[in-house]
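Trainee: Could you take me slowly through one part of this protein, the stretch that follows the helix, and then show me how that part fits into the rest of the chain?

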Amino acid sequence: MEKVKQAIQDDYAEDYSFCYGCGRLNQDGLHLRTGWEGEHTVTIYEPRPEHTAIPGFVYGGVIASLIDCHGTGSASLALHRKNGHEPGDRVEPPRFVTGSLQVNFLKPTPQGVPLKAIGKVEEIHPKKWRVVTEVFAGEECVVAGEVIAVVMPKTFVQE
């Protein structure tokens, strides 16, 4: 299975690494990882057996989580790059939260196939980014979505 080599989530501060979707420190989480592939962002994930909606098909909530964390991770990648940095350069990246999430299920998503989210990022405001994502099961686009990602407010930081 294809893997993301340099993921933005690998550089998130420990205080912000517990997200169920992308937190590397959440033992039970999905451990989604988002990186660059050319000018697009990618996240690759193979749903686990417990992510079943009906036998043979993936539960839509897991796919929504994939689009959600791919969107916020993609925005973080884009702003990090705009600030002159790349994943792995030991500079803590900006963090984002979800302002809105839209998911369109185009076809049933088969179980047992790695999913690849491919995103296109657009800055719409210094603190807001739009990420349009297509999710592929093999060669077939099964889900399309959009995330409006917002720079995480300082009020989210616990002292």
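Mentor: Let us begin at N83, which is found in the loop between α1 (60-82) and β5. Please keep in mind from the start that this is a predicted model, so every value I mention is computed from it. With a relative accessible area of 47%, N83 is partly exposed, because that value falls between the 20% under which a residue counts as buried and the 50% over which it counts as exposed. A useful partner for N83 is N104: the two are 21 residues apart in sequence, and their C-alpha atoms are 32 Å apart in space.

From this loop we can move on to the strand that comes after it, β5, which covers residues 96-105. The strand β5 is joined to strand β8 (residues 140-151) by 9 bridges, and the two run antiparallel. One of the places where you can see this pairing is F96, whose bridge partner in β8 is V151. Strand β8 also pairs with β7 (residues 128-137), again in the antiparallel sense, over 10 bridges, and here T133 stands opposite G145 in β8. Between β7 and β8 there are 2 residues, and the two strands form a hairpin, with G138 in the turn having a positive phi of about 65°.

Now return to the far end of β5, where another loop leads from β5 (96-105) to β6 (115-125), and where T109 is found. T109 counts as buried because its relative accessibility is 4%, which is under the 20% limit. Leaving out residues up to four places away in sequence, T109 touches G56, F57, V58, I63, L115, V142 and V143. It is worth finding V142 and V143 in the picture, since strand β8 covers residues 140-151, and I63 as well, since α1 covers residues 60-82.

A hairpin is also found earlier in the chain, where strand β1 (residues 34-37) and strand β2 (residues 40-45) pair in the antiparallel sense over 4 bridges. There are 2 residues between β1 and β2, and G38 in the turn has a positive phi of about 70°. The bridge partner of W36 in β2 is T41, while R81 lies over the face of W36, at 3.9 Å from the ring centre. Another arginine, R95, lies over the face of Y12, at 3.7 Å from the ring centre. As for pairs of aromatic rings, the count comes to 0.

The cysteines deserve a careful look too. The sulfur of C69 is 3.7 Å from the closest cysteine sulfur, in C19, and this is too far for a bond because a disulfide needs the two sulfur atoms within 2.5 Å. C141 is in no disulfide either, as the nearest cysteine sulfur, that of C69, is 19 Å away. The count of disulfides therefore comes to 0. C69 is itself buried, with a relative accessible area of 6%.

Finally, step back to the whole protein, which has 1 helix and 8 strands, following the pattern β-β-β-β-α-β-β-β-β along the sequence. Of its 159 residues, 42% count as buried. Among contacts with a separation of 6 or more, 63% come from residues 24 or more positions apart. A compact globule with 159 residues would have a radius of gyration near 15 Å, and the protein agrees with this because its own value is 15 Å. Its C-alpha trace spans about 45 × 30 × 25 Å along the principal axes.

Notes. Residues are numbered from 1 along each chain as its sequence is written. This is a predicted model: local features need pLDDT of at least 70, side-chain atom pairs count only at pLDDT 80 or more; totals for chains, interfaces and linings use all residues. Side-chain values use heavy atoms; hydrogens and water are left out. Buried means under 20% relative accessible area, exposed over 50%, partly exposed in between (1.4 Å probe, protein chains only). Rings of Phe, Tyr and Trp (its six-membered ring) pair if their centres lie within 6.5 Å; planes under 30 degrees apart count as stacked, over 60 as edge-to-face and the rest as tilted. A charge sits over a ring if NZ of Lys or CZ of Arg is within 6 Å of the ring centre and within 35 degrees of the ring normal. Two strands pair if DSSP finds at least two bridges between them. The radius of gyration is taken over C-alpha atoms; the globule rule is 2.2 Å times the number of residues to the power 0.38. Contact means heavy atoms within 4.5 Å.
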